Amino acid sequence: IKKDAYTLYANKNKKELGNTRHLVDVSLGKEAADYVIRKVTILKEKFGMDIILVIDGASLPAKEETDNGRREERFRCYKAGVEAESKGDSRTARKMYSRCCGVTHGMRRTLVKECISRGYPYVIAPYEA
């Protein structure tokens, strides 16, 4: 069996998960975990690879200003999405909603639970992977 190292970040597929306001407003933990698990399953079953997921841990203190800027940008995009949706501009709304999704600790926790239930090995990095 071929062994390679891959880092899979629990990021949402924006086409699948960022298309509606509903998905932005609810917890995406299960959907994000399902997306990553689907990709891991494909790599394992189709290509026979052993995968070890490396999941981000805590926020890096040195990047606090950057993280705050990203949080503000996500909020700005959310407001722009709501405004576009109220004007009937679904294309712009979807674009803005896809930009306002962030990876939460809940998503990471859900991914870890999925890894445990499926027996997929994982490592939680102390900070960002």
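**Close-ups of charged side chains in a predicted model**

**View 1. Arg76 and Glu73 pair up through a salt bridge, with their closest N and O atoms 2.6 Å apart.** Keep in mind that this is a predicted model. Both residues sit in helix 4, three residues apart, which is about one turn of the helix. Neither partner is hidden away: Arg76 is partly exposed, with a relative accessible area of 41%, and Glu73 is partly exposed too, at 35%. Side chains of opposite charge can pair when their charged atoms come close.

**View 2. Glu73 again, this time with Arg99.** Helix 4, the home of Glu73, covers residues 64–86. Count 26 residues along the chain from Glu73 and you get to Arg99, yet the C-alpha atoms of these two are separated by 8.5 Å.

**View 3. Arg99 belongs to a positive surface patch, together with Arg91, Arg94 and Lys95.** Let's pick out Arg91, which has its place in helix 5 (residues 90–99). With 69% relative accessibility, Arg91 counts as exposed because the cut-off for that label is over 50%.

**View 4. Lys87 makes a salt bridge with Glu83.** Here the closest N and O atoms are 3.1 Å apart. The two partners get different labels: Lys87 counts as exposed at 63% relative accessibility, while Glu83, at 45%, counts as partly exposed.

**View 5. Arg118 and Glu114 form a salt bridge in helix 6.** Their closest N and O atoms are 3.3 Å apart. Helix 6 takes in residues 105–118, and this pair lies four residues apart in it, about one turn of the helix. Arg118 counts as partly exposed, at 45% relative accessibility. Glu114 has just 14% relative accessibility, so it falls under the 20% cut-off and counts as buried. The story doesn't stop with this pair: salt bridges that share partners join Lys30, Asp34, Glu114 and Arg118 into one network.

**View 6. Zooming back out, the protein has six helices and two strands.** Starting at the N terminus, the elements run α-α-α-β-α-α-α-β. The structure holds seven salt bridges, including the ones in the views above. Of the 129 residues, 33% count as buried. The accessible surface comes to about 8,300 Å², and carbon and sulfur atoms own 52% of that. And for contacts with a separation of 6 or more, 74% are between residues 24 or more positions apart.

Definitions and conventions
Residues are numbered from 1 along each chain as its sequence is written. This is a predicted model: local features need pLDDT of at least 70, side-chain atom pairs count only at pLDDT 80 or more; totals for chains, interfaces and linings use all residues. Side-chain values use heavy atoms; hydrogens and water are left out. Buried means under 20% relative accessible area, exposed over 50%, partly exposed in between (1.4 Å probe, protein chains only). Contact means heavy atoms within 4.5 Å. Accessible areas come from the Shrake-Rupley method with a 1.4 Å probe; for residues, only the protein chains shown count as cover. Patches are made of residues with over 30% relative accessible area and no salt bridge: like charges are joined within 9 Å, nonpolar side chains (Val, Leu, Ile, Met, Phe, Trp, Tyr) within 5 Å. A salt bridge is a side-chain nitrogen of Lys or Arg within 4 Å of a carboxyl oxygen of Asp or Glu. Lys and Arg count as positive and Asp and Glu as negative; His and the chain ends are not counted. The place of a charge is taken as NZ of Lys, CZ of Arg, CG of Asp or CD of Glu.
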